[in-house]
Amino acid sequence: MRSFDFSPYRRSTVGFDRLFDFLEHASGEQADNYPPFDIEKLSDDSYRITLAVAGFKQSEIDITARQNMLVVTGRKEEGRNKDGNYLHMGIATRAFERRFELADFVRVEDAELRDGLLSISLVREIPEAMKPRKIAINGGSSHTIESANENREELQSERQGETEAA
């Protein structure tokens with residue numbers, strides 16, 4: 001497998017460090033395809049991850065959402081072949097850990113296990129402060145900027161006038 005060096009690109013970009021970290025991490029990962037999964041885009045701000053976890057109970061699966069990371073782990077209780085009656089064991093019940101890198105402001109809404117499929121709903125909620133807003137351009141009138149000392153003197157003289165009037 002090839003290894004890429006992203007350091008020349010890091011020098012000429014600002015704010016894309018997480019992108020390069022993600023690319024370096026993804027290129028170094030081995031391809032473990034268990035359990036298989038789908039990622040669906042339901043709308044502009046809504047996604048669903050579906051994992052095939054046949055044979056796992058709800059109590060054997062753990063979903064943890066950390067900052068920009070979703071971790072799904074499955075631990076099967078041992079003892080499936082304790083009586084020795086199986087002639088062939090082809091259903092995969094090995095432990096797994098699947099990690100998903102989440103974009104900023106994406107949160108896990110809910111999870112559902114049905115018919116051997118674990119569906120995790122994700123929603124992107126951008127805070128009001130981060131949403132684009134229109135900036136009004138001031139008209140042609142000029143404004144003079146007064147120094148802080150002049151403003152303080154005016155405030156003090158107004159306060160003295162108020163106290164004398166009272």
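I will start with a cluster: Tyr34, Phe56 and Phe96 are linked to one another through ring pairs. Before going further, I should say that what we are looking at is a predicted model.

Let me stay with the rings. How many aromatic pairs turn up in a search of the whole structure? There are three. One of them is made by Phe37 and Phe100, and its geometry is edge-to-face, with 5.1 Å from centre to centre and 85° between the planes. Phe37 belongs to strand E1, residues 37–43, and Phe100 to strand E5, so this pair ties together parts that are 63 residues apart in sequence.

Are these two rings buried or exposed? Phe37 has a relative accessibility of 33%, so it counts as partly exposed. Phe100 has 7%, so it counts as buried. The cut-off for buried is under 20%.

Phe56 and Phe96, which I named at the start, also form an edge-to-face pair, at 5.3 Å centre to centre and again with 85° between the planes. This pair links distant parts of the chain: Phe56 sits in the loop between E2 and strand E3 (61–66), Phe96 sits in strand E5, and the two are 40 residues apart. Phe56 is buried because its relative accessible area is 7%. Phe96 is buried as well, with a relative accessibility of 4%.

The remaining member of the cluster, Tyr34, brings us to the backbone. Tyr34 is joined to Pro35 by a cis peptide bond, with omega at about -10°. Pro35 is in the loop between helix H2 (17–28) and E1. For context, most peptide bonds are trans, and most residues other than glycine have a negative phi.

Which residues go against that second habit here? Phe105 is one of them: it is not a glycine, yet its phi is positive, about 70°. Phe105 is found in the loop between E5 and strand E6 (106–114), and at 37% relative accessibility it counts as partly exposed. Asp115 also has a positive phi, about 55°, without being a glycine. Asp115 is placed in the loop between E6 and E7. With a relative accessible area of 75%, Asp115 is exposed, because the cut-off for that is over 50%.

Now the overall layout. The protein chain has three helices and seven strands. In sequence order, the pattern runs α-α-β-β-β-β-β-β-β-α. The chain has 166 residues, and 18% of them count as buried. Take the contacts between residues at least 6 apart in sequence: 50% of these join residues at least 24 apart.

Next, the inside. The largest nonpolar core has 15 residues, and the members that touch the most others are Leu51, Leu70, Val72 and Ile120. Which elements give two or more residues to this core? They are strands E2 (46–52), E4 (69–74), E5 (96–101) and E7 (117–124). E7 supplies the largest share, three residues.

Leu70 is a good residue to click on. Apart from neighbours within four places in sequence, Leu70 is in contact with a list of residues that includes Ile49, Ile63, Phe100, Val108, Ile120 and Leu122. Arg98 and Arg99 are also among the contacts of Leu70.

For another residue of E4, look at Thr73. Its relative accessible area is 14%, so Thr73 is buried. Leaving out residues up to four places away in sequence, Thr73 touches Glu60, Ile61, Asp62, Phe96 and Glu97. That brings back Phe96, the ring that pairs with Phe56.

The last item is empty space. Rolling a probe the size of a water molecule over the atoms shows where such space is left. The second largest pocket holds about 190 Å³. Its lining is made of Ile39, Tyr47, Ile49, Phe100, Glu101, Leu102, Ala103, Val106, Leu122 and Arg124. E2, E5 and E7 each give two or more residues to that lining. What kinds of residue are these? Eight are nonpolar, none is polar and two are charged.

To finish, one residue to follow through the model is Phe100. It pairs edge-to-face with Phe37, it is in contact with Leu70, and it helps line the second largest pocket.

Key
Residues are numbered from 1 along each chain as its sequence is written. This is a predicted model: local features need pLDDT of at least 70, side-chain atom pairs count only at pLDDT 80 or more; totals for chains, interfaces and linings use all residues. Side-chain values use heavy atoms; hydrogens and water are left out. A nonpolar core is a set of buried Ala, Val, Leu, Ile, Met, Phe, Trp, Tyr and Cys residues joined through side-chain atoms within 4.5 Å. Buried means under 20% relative accessible area, exposed over 50%, partly exposed in between (1.4 Å probe, protein chains only). Helices (H or I, at least four residues) and strands (E, at least two) are DSSP runs, numbered from the N terminus. Contact means heavy atoms within 4.5 Å. On a 1 Å grid over the protein atoms alone, a cavity is a set of points where a 1.4 Å probe fits but cannot get out, and a pocket is an open set with protein on both sides within 12 Å along at least five of seven lines; lining residues have an atom within 4 Å of a point. Grid points are joined across faces, edges and corners, and a volume is the space filled by probe spheres set on the points. Ala, Val, Leu, Ile, Met, Phe, Trp, Tyr, Cys and Pro count as nonpolar, Asp, Glu, Lys and Arg as charged, and the others, Gly among them, as polar. Rings of Phe, Tyr and Trp (its six-membered ring) pair if their centres lie within 6.5 Å; planes under 30 degrees apart count as stacked, over 60 as edge-to-face and the rest as tilted.
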